[in-house]
Amino acid sequence: MSTSGPQRARRDVGELDLAPKPHDLTDEALPDSEGEVGPTGRVRRHVPEPPLIAGHGPAKIMAVCNQKGGVGKTTSTINLGAALAEYGRRVLLVDFDPQGALSVGLGVQPHQLDNTIYNVLIERKLPLQQVVLRTGIEDMDLLPSNIDLSAAEVQLVAEVGREHALARSLGPVMAHYDYILVDCQPSLGLLTVNALAAADGVIIPLECEFFSLRGVALLIDTIEKVRERLNPKLDISGILATMYDPRTLHSREVMARVVEAFGDVVFDTVINRTVRFPETTVAGEPITTWAPRSAGAKAYRALAREVLAR
Ligand SMILES: Nc1ncnc2c1ncn2[C@@H]1O[C@H](COP(=O)(O)OP(=O)(O)O)[C@@H](O)[C@H]1O
Ligand SMILES: [Mg+2]
C-alpha cells in the first residue's frame, strides 16, 4: 500500500527520508540509552513509554521561555509539539512572539493573516477557535501571531487583570487539547508574564554557550514572582540544553556548569547543534516529519517522553 497520498497528513516515523542530507557529524552522535552516561554527565534516568490516553484534555500549558534570543525556543516549541502529537496528544502551539517565527516555521505567512492571537487577546468577542490554524501535523494546531502582537503589550497595560489575558483567551479550548505550548518572545515583558501566568510549567531552552547562564537568574526570579503573585501552580518543568556540540570541550564545560547549577531539573535529553534545524525552518515543518530518523527528531521525541513523564 502506498504510504503517500493527500489524506495522509504526516509520514510514518520510520519511513525512509529521501530529502538531501548535508554531511553533518553532530546529527549522528547521540547515545540514547537509559542507564548510560549521557551528555549531561549523568546516568540517564528511566523514562517510561508514554501511556495511551483514552480521552483528551484538560490541557497542560507549558511556556517555552528565555529572554535571550536565538536559544532554540521556537525550534523546541515546534518539535516538542510535533513529538507530543506523535504520541497521540492533541497539541496547540501558541505563537506569542510578534516576530511570528513559530508561524513561519510551520509554513504560515504571518503578514497575510487577518486575525491572529492579537485579535483574540484584544477583541474579546473573537473566539479563539476561529483564529486557530491546522498544521500539516495531525493533532497539532497553531494560534498564529504577527507584528500586530507588538501593540498588545501597550494596549494591555491599561486593562484590569492585564496579566491574565492569555489565560482567559485559552479558557474555551482547554478541554480540547492535552498540551498547549506557548512560544515566548525574547523579553520578560507583559506578554511573557501573561504566558507565565497561564502556564502549569516553564521549559527553559539554554544554549550551550559561555554567556548562556547570564540572565537565567533573572528569568528564574521572574518565574518565582509570578508564582507568588499571580499563579501558584507555576513550576519549572525543565531546562533544555540546546545547540550542544559534543566535539567541543567548550560545549561540555558549559553543560557541566548547567548541571551543576540546576541539577535534576535539567532534562537528560540534550539537543545537538545541527544545520538540520535551520533547514526545517525553510521547509516549514518540524524535523520529526522532515527528517524523521535524524538525531534531531529522535532527541525531540526523547524530550517529549521526558515531558510526558514529569
Ligand atoms: N539545535 C540547533 N542546532 C542548530 N541550529 C539551531 C538549533 N536550534 C535552533 N537553531 C537555529 O537557531 C536559530 C534560532 O533558533 P530559534 O528556535 O528561533 O530560537 P529562539 O526562538 O530562542 O529565538 C534558528 O535559525 C534555528 O533554526
Ligand atoms: Mg523564537
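**Figure 1. Burial and fold of the predicted model.** In this predicted model, 47% of the 310 residues of the protein count as buried. The protein has 11 helices and seven strands. Take contacts between residues at least 6 apart in sequence: 80% of them join residues at least 24 apart.

**Figure 2. The largest nonpolar core, centred on the view of Val182 and Ala195.** This core holds 87 residues. Val182 and Ala195 touch the most other members. Helix H11, residues 295–309, gives the most to the core, with nine residues. Neighbours within four places in sequence are left out of the contact list for valine 182. What remains is Ile61, Ala63, Val64, Val94, Phe96, Ala195 and Ala199.

**Figure 3. The seven-stranded sheet.** The sheet is open, and its pairing is mixed. Strand order is E3-E4-E2-E5-E1-E6-E7. Strand E3 (133–134) and strand E7 (235–242) are the edge strands, and each pairs on one side only. Strands of a sheet pair through backbone hydrogen bonds, either parallel or antiparallel.

**Figure 4. Strand E4 between its two partners, E3 and E2.** Strand E4 spans residues 140–143. E3 and E4 pair in the antiparallel sense over two bridges. Strand E2 (residues 91–96) and E4 pair in the parallel sense over four bridges. Leucine 133 has leucine 142 of E4 as its bridge partner. Aspartate 141 is the E4 bridge partner of arginine 134. Aspartate 141 is also the bridge partner of leucine 92. Both faces of E4 are covered. Met140 and Leu142 are buried on one side, Asp141 and Leu143 on the other.

**Figure 5. The E3–E4 hairpin and aspartate 139.** Five residues lie between the two strands of this hairpin. Aspartate 139 sits in the loop between E3 and E4. Its phi is near 70°, a positive value in a residue other than glycine. Most residues other than glycine have a negative phi, and most peptide bonds are trans. Aspartate 139 counts as buried because it has 22 C-beta neighbours inside 10 Å, and the cut-off is 20 or more.

**Figure 6. Methionine 243, in the loop between E7 and H8.** This residue is not a glycine, yet methionine 243 has a positive phi of about 55°. Methionine 243 has 23 other C-beta atoms within 10 Å, so it is buried.

**Figure 7. Serine 251 in helix H8.** Helix H8 covers residues 249–262. Serine 251 is buried, with 22 other C-beta atoms within 10 Å. Leaving aside neighbours within four places in sequence, serine 251 is in contact with Cys208, Tyr244, Asp245 and Pro246. Proline 39 is 212 residues away from serine 251 along the chain. The C-alpha atoms of these two residues are separated by 9.7 Å.

**Figure 8. The cis peptide bond between glycine 57 and proline 58.** Omega is about -10° at this bond. Proline 58 belongs to the segment before strand E1 (60–64).

**Figure 9. The shell around ligand 1.** There are 17 residues around ligand 1. Lys73, Thr74, Thr75, Phe277 and Pro278 come nearest. Helix H1 (73–86) and helix H9 (276–283) each supply at least two residues of the shell. By class, the shell residues divide into seven nonpolar, eight polar and two charged.

**Figure 10. Helix H9 and its two faces.** Arg276, Phe277 and Thr280 are the buried residues of H9. They lie on the same side of H9, because they cover an arc of only 100° around the axis. These buried residues pack against H1, helix H10 (287–290) and H11. The face turned away from the buried side carries Pro278 and Val282, both exposed. Just after H9, glycine 284 takes a positive phi of about 70°. Two H9 residues in this view, Phe277 and Pro278, are among those that come nearest to ligand 1. Of that pair, Phe277 is buried, whereas Pro278 is exposed.

Note on methods
Residues are numbered from 1 along each chain as its sequence is written. Chains are lettered from A and ligands numbered from 1 in the order in which they are written. This is a predicted model: local features need pLDDT of at least 70, side-chain atom pairs count only at pLDDT 80 or more; totals for chains, interfaces and linings use all residues. A residue is buried if 20 or more other C-beta atoms lie within 10 Å of its own, exposed if 12 or fewer, and partly exposed in between; C-beta atoms are placed from the backbone. Two residues are in contact if their C-beta atoms, placed from the backbone, lie within 7 Å. A nonpolar core is a set of buried Ala, Val, Leu, Ile, Met, Phe, Trp, Tyr and Cys residues joined through C-beta atoms within 7 Å. A residue is near a molecule or strand if its C-beta atom, placed from the backbone, lies within 6 Å of it. Ala, Val, Leu, Ile, Met, Phe, Trp, Tyr, Cys and Pro count as nonpolar, Asp, Glu, Lys and Arg as charged, and the others, Gly among them, as polar. Two strands pair if DSSP finds at least two bridges between them. The arc is that of the directions from the helix axis to the C-beta atoms.
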